[in-house]
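Q: Could you take a close look at how the helices and the nonpolar interior fit together in this one? I'd like one connected walk-through rather than a list.

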Amino acid sequence: MTDQSTAPAPAAIEAGTQAPDFTMPTDGGGSVTLSALKGTPVILYFYPKDDTSGCTSEACGFRDQFPNFRGAEAVVIGVSKDSVASHDKFKAKYELPFILASDKETKVAEAYGVWVEKSMYGRKYMGLERATFLIDKDGVVRNVWRKVKVTGHVDAVLKALKAL
């Protein structure tokens, strides 16, 4: 048995590298494949859990700025381990106009280096790091935000998108 705490950390995706391709199920019973979005900038943001305070605040920030992201012809994709059914409820409750993808097995989170060891009240566990990747129309990661603080984050992502 492998001790998770000593397992090697996945390679972190950095600006200038090719974004790992993926296909994930999405809200509404659909799916999304990164390579199928070539030619379009993508905002890929990972968050820990649907309908929790920080995640809701972040999602509503992307919702409120969505016309500006769409105006820049970008696709916004929120990713968590939550089920498609959970995403459907979260999306409906907060009228989220963008894609919510389900990474139940954390394969995409691992590929992007955001499935990490966390600690709360002295207990260590694996969880999703709040992180955002700005991927250009050629599939290259242009900006990476890790350990995201929600306040001001969406504006920073929008500013970086407009600078592409």
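**The interior and the helices around it**

A: Let's start inside, with Phe-22: leaving out residues up to four places away in sequence, Phe-22 touches Val-32, Thr-33, Leu-34, Leu-44, Ile-77, Val-108 and Tyr-112. Apart from the core around Phe-22 lies another one, made of 22 residues, and Tyr-47, Phe-62, Val-76 and Leu-96 are among them. Keep in mind that this is a predicted model.

Back to the largest nonpolar core, which has 24 residues; those touching the most other members are Phe-22, Leu-44, Phe-46, Ile-77, Tyr-112, Phe-133 and Ile-135. Two or more residues each come from strand 3 (42-46), strand 4 (75-80), helix 3 (107-111) and strand 8 (131-135). As a general matter, nonpolar side chains tend to be buried together in soluble globular proteins.

Now for helix 2 (residues 84-94), whose buried residues are His-87, Phe-90 and Lys-91. These sit on the same side of helix 2, because the arc they cover around the axis is only 95 degrees. Turn to the other side of helix 2 and you find Lys-89, Ala-92 and Lys-93 exposed. The cover over the buried residues of helix 2 includes helix 1 (53-71), strand 4 and strand 5 (99-102).

Phe-90 is worth zooming in on. This residue of helix 2 has a relative accessible area of 2%, so Phe-90 is buried. Not counting residues up to four places away in sequence, Phe-90 touches Tyr-47, Asp-50, Asp-51, Cys-55, Thr-56, Ala-59, Leu-96 and Leu-100. Lys-49 makes a handy landmark here: Phe-90 and Lys-49 are 41 residues apart in sequence, with 9.9 Å between their C-alpha atoms.

Follow the chain out of helix 2 and you run into Glu-95 just after it, in the loop between helix 2 and strand 5. Glu-95 is not a glycine, yet its phi is positive, at about 50 degrees. Its relative accessibility is 65%, so Glu-95 counts as exposed. Tyr-121 is another residue other than glycine with a positive phi, near 55 degrees. You'll find Tyr-121 in the loop between strand 6 (115-120) and strand 7 (123-128). With 81% relative accessibility, Tyr-121 counts as exposed.

Next, the helix pair. Helix 1 and helix 4 (residues 153-162) pack with their axes 9 Å apart, at an angle of about 30 degrees. That angle is why helix 1 counts as roughly parallel to helix 4. The crossing of helix 1 past helix 4 is right-handed. On the helix 1 side, the residues that meet helix 4 are Glu-58, Gly-61, Phe-62, Gln-65, Asn-68 and Phe-69, and on the helix 4 side they are His-153, Val-154, Asp-155, Val-157, Leu-158 and Leu-161. Phe-62 in helix 1 is also among the 22 residues of that other core.

Helix 4 has its own buried set: His-153, Val-154, Val-157, Leu-158, Ala-160 and Leu-161. Looking down the axis, those residues fall within an arc of 160 degrees, so they line one face of helix 4. On the other side of helix 4, Lys-159 and Lys-162 are exposed. As for what the buried residues of helix 4 pack against, that would be strand 3, helix 1, strand 8 and strand 9 (141-145). Strand 3 and strand 8 bring us back to where we began, since both are elements that give two or more residues to the largest nonpolar core.

Notes
Residues numbered from 1 in each chain as written. Predicted model: local features only at pLDDT ≥ 70, side-chain atom pairs only at ≥ 80, totals over all residues. Heavy atoms only, no water. Core = buried A, V, L, I, M, F, W, Y, C linked by side-chain atoms within 4.5 Å. Buried < 20%, exposed > 50% of the residue type's maximum accessible area, 1.4 Å probe, protein only. Helix = DSSP H or I, 4+ residues; strand = E, 2+ residues; numbered from the N terminus. Contact = heavy atoms within 4.5 Å. Arc of directions from axis to C-beta. Axes fitted to C-alpha atoms, helices over the stretch in contact; angles between N-to-C directions. Parallel < 35°, antiparallel > 145°, perpendicular 65-115°, else oblique. Left-handed = near helix turned anticlockwise from the far one by under 90°.
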